[in-house]
Amino acid sequence: MKIVIVGGVAAGAKAAAKSRRLLPDAEIDIYTQDTHVSYSACGLPYYIEGNFEDYKTLLVRTPEEFALSGINVHLRHKITKIIPKTKQILVENLETPECFLVRYDKLILATGARPFIPNIKHVALNNVFTLRTIEDGIAIREKVESSKNAVIIGGGYIGIELLEACVKQGLYTTLIERNPTIMPMFDSDISELIKNQLMSINDGKFEIITSDSVTEMVGDNSGVTSVKTASGKEIETNLVILCAGVVPNVEVAIDAGISLGETGAIKVTPKMETNISDIYACGDCVEEIHLISNTPVWVPLGSNANKEGRCAAMNACGFEDEFPGVLASAVTRCMKLTMSMTGLTETQAKKLGYETVSATVTKYDKVGYMPDANNITLKLVADKKTKRLIGGQGIGAGDADKRINTLATALIAKLTVDEFYNNDLTYSPPFSPTIDPLLNAAQILISKLESGS
């Protein structure tokens with residue numbers, strides 16, 4: 001059996017390792033355009049922030065370590081064509097002009113995603129960065145350490161993580177988001193709270209601009225010196241980081257006749273099969289099914305990628321496994337403010353036709369007399385017809401994320417609000433109030449559902 005894997009960060013590396021455990025005698029090759037394999041891309045903002053000095057801390061497994069288990073890693077090799085009829089791929093060595101064909105019995109695509117580059121004049125100036133690879137992280141950190149000002153374009157997860165990183169490195173940082181709120185994946189009321197809470201702790205080290213967009217980079221031979229926005233602002237800067245989202249790498253798949261889903265990512269079965277026999281796909285290049293709405297979604301997160309890589313390997317190796325879907329659970333932080341969510345937001349649910357009921361509470365995450373007690377705000381969303389919980393969001397300086405993790409389990413179990421309210425959650429003053437804020441929110445939901453409001 002010859003297993004060829006395209007891409008080797010999260011999903012691809014996991015697929016290779018699992019394949020080796022399942023089939024000790026299989027021939028396994030990873031081809032990647034990258035200069036590294038099997039690393040934590042999610043840790044790059046924290047490397048830039050200075051939480052650790054050596055980027056090699058982010059490396060999970062080196063090519064040499066893969067080789068010890070009989071997995072051949074080919075760095076700086078690009079797959080330019082898939083030929084399903086003959087079960088071959090055309091490979092280009094990016095370090096030489098060499099191109100060659102490679103045979104496969106099973107092909108696993110883990111081609112990932114790449115940063116979206118907005119249509120901005122002079123966007124190719126020096127010191128305009130994106131963050132996706134180890135090299136990106138190294139280059140940004142080097143520039144950050146020699147700069148005074150930074151502009152971040154995009155107020156999603158990566159944007160606000162880099163806001164914290166730049167501020168902690170001593171840069172005056174301006175974050176620009178074209179939507180009316182930062183973190184627009186949350187409901188607007190929660191997003192507004194996020195912005196307000198961040199600004200309440202701002203001591204003149206950063207600025208957040210919403211409902212505006214960068215239209216032009218201004219600079220010279222040495223690089224960008226300022227940005228111009230649609231509203232007429234011009235902001236001086238030593239560097240710009242583009243955090244305007246990502247797009248799936250699907251071009252080689254399209255060329256091979258592999259079908260895409262509604263989201264524009266590769267469509268796969270629960271076994272991670274594509275529409276072409278013996279070709280599987282996993283990670284940031286594939287779409288998933290949302291476990292609440294049963295609709296296609298694209299949620300490019302490392303947690304999903306690892307599980308999908310394992311599932312693809314299981315089935316490629318002749319074993320049975322299924323990846324059921326996602327809740328789109330996510331968490332991040334900025335300036336000690338935690339932001340977490342799972343399931344459907346109220347906005348998403350309404351667009352999908354749900355009649356929603358929601359409850360929002362702000363409470364201490366621990367008993368108030370504890371010295372480390374902090375406020376958290378929780379929003380629970382339920383389906384009015386079935387009384388089933390369908391989503392939730394949590395923010396705050398306290399432990400909001402553990403409440404969202406608890407809620408995620410309830411969503412998987414398809415609990416109603418009443419069933420969830422009877423949950424026997426732990427209590428001790430250093431960890432929670434006597435009635436956990438999650439249950440406070442559930443109690444309000446029950447009252448609303450009973451009153452029909």
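In this predicted model, the largest nonpolar core brings together 53 residues. The members that touch the most others are Ile82, Ile89, Leu107, Ile108, Leu109, Ile258 and Ile266. Helix H8, spanning residues 302-316, gives the most to this core, with six residues. Ile266 offers a handy view of the surroundings of one such member: leaving aside residues up to four places away in sequence, Ile266 touches Leu109 and Ile258, both of which are also among the residues with the most contacts to other core members. The remaining contacts of Ile266 include Val250, Ala253, Leu260, Ala281, Cys285 and Val286, along with Ser259, Gly261, Thr274 and Glu287. Apart from this core lies another, made of 37 residues, among them Ile140, Ile152, Leu239 and Ile241.

Turning to the strands, five of them form an open sheet with antiparallel pairing, in the order S21-S22-S25-S24-S23. The edges are held by strand S21 (330-334) and strand S23 (356-364), each of which pairs on one side only. From one strand to the next, the twist averages 10°. At the S23 edge, nine bridges join S23 to strand S24 (residues 375-383), and the two run antiparallel. Within this pairing, Ala359 stands opposite Leu380 of S24. Towards the other edge, helix H5 (residues 157-168) lies across S21 and strand S22 (337-343), and its direction makes an angle of about 25° with S21.

Strand S22 also contains Thr338, which is buried because its relative accessibility is 14%, under the 20% limit. Not counting residues up to four places away in sequence, Thr338 touches Val331, Thr332 and Arg333, and its list of contacts continues with Gly394, Ile395, Gly396, Gly398, Ala400 and Asp401. In the loop between S21 and S22 sits Met335, which has a positive phi of about 55° although it is not a glycine. Met335 counts as buried, at 14% relative accessibility. Lys414 likewise has a positive phi, of about 60°, without being a glycine. This lysine lies in the loop between helix H10 (401-412) and helix H11 (417-421), and Lys414 is exposed, with a relative accessible area of 52%.

Charged side chains come next. Side chains of opposite charge can pair when their charged atoms come close. The structure holds 27 salt bridges. One of them links the side chains of Lys379 and Glu346, with an N to O distance of 3.1 Å. Lys379 belongs to strand S24 and Glu346 to helix H9 (residues 346-351), so this pair ties together parts that are 33 residues apart in sequence. Both partners are buried: Lys379 has a relative accessibility of 3%, and Glu346 has a relative accessible area of 12%.

A further salt bridge joins the side chains of Lys384 and Glu355, at 3.5 Å from N to O. This pair, too, links distant parts of the chain, 29 residues apart: Lys384 is in the loop between S24 and strand S25 (389-396), while Glu355 is in the loop between H9 and S23. Lys384 is partly exposed, with a relative accessible area of 27%. Through shared partners, salt bridges also join Asp187, Asp189, Glu346, Lys350 and Lys379 into one network; the Lys379 and Glu346 described above are thus found in it.

The side chains of Arg141 and Glu145 provide another salt bridge, at 2.9 Å from N to O. Here the two ends have contrasting surroundings: Arg141 is buried, at 4% relative accessibility, whereas Glu145 is partly exposed, with a relative accessible area of 49%.

Finally, a search of the whole structure for aromatic pairs finds one. It is formed by Tyr47 and Phe52, whose ring centres are 5.9 Å apart. Their planes meet at 35°, so the pair is tilted. Tyr47 is buried, with a relative accessible area of 7%, and Phe52 is partly exposed, with a relative accessible area of 21%.

Conventions: Residues numbered from 1 in each chain as written. Predicted model: local features only at pLDDT ≥ 70, side-chain atom pairs only at ≥ 80, totals over all residues. Heavy atoms only, no water. Pairing = 2+ DSSP bridges. Helix = DSSP H or I, 4+ residues; strand = E, 2+ residues; numbered from the N terminus. Axes fitted to C-alpha atoms, helices over the stretch in contact; angles between N-to-C directions. Contact = heavy atoms within 4.5 Å. Buried < 20%, exposed > 50% of the residue type's maximum accessible area, 1.4 Å probe, protein only. Salt bridge = Lys/Arg side-chain N within 4 Å of Asp/Glu carboxyl O. Core = buried A, V, L, I, M, F, W, Y, C linked by side-chain atoms within 4.5 Å. Phe/Tyr/Trp six-rings, centres within 6.5 Å; stacked < 30°, edge-to-face > 60°.
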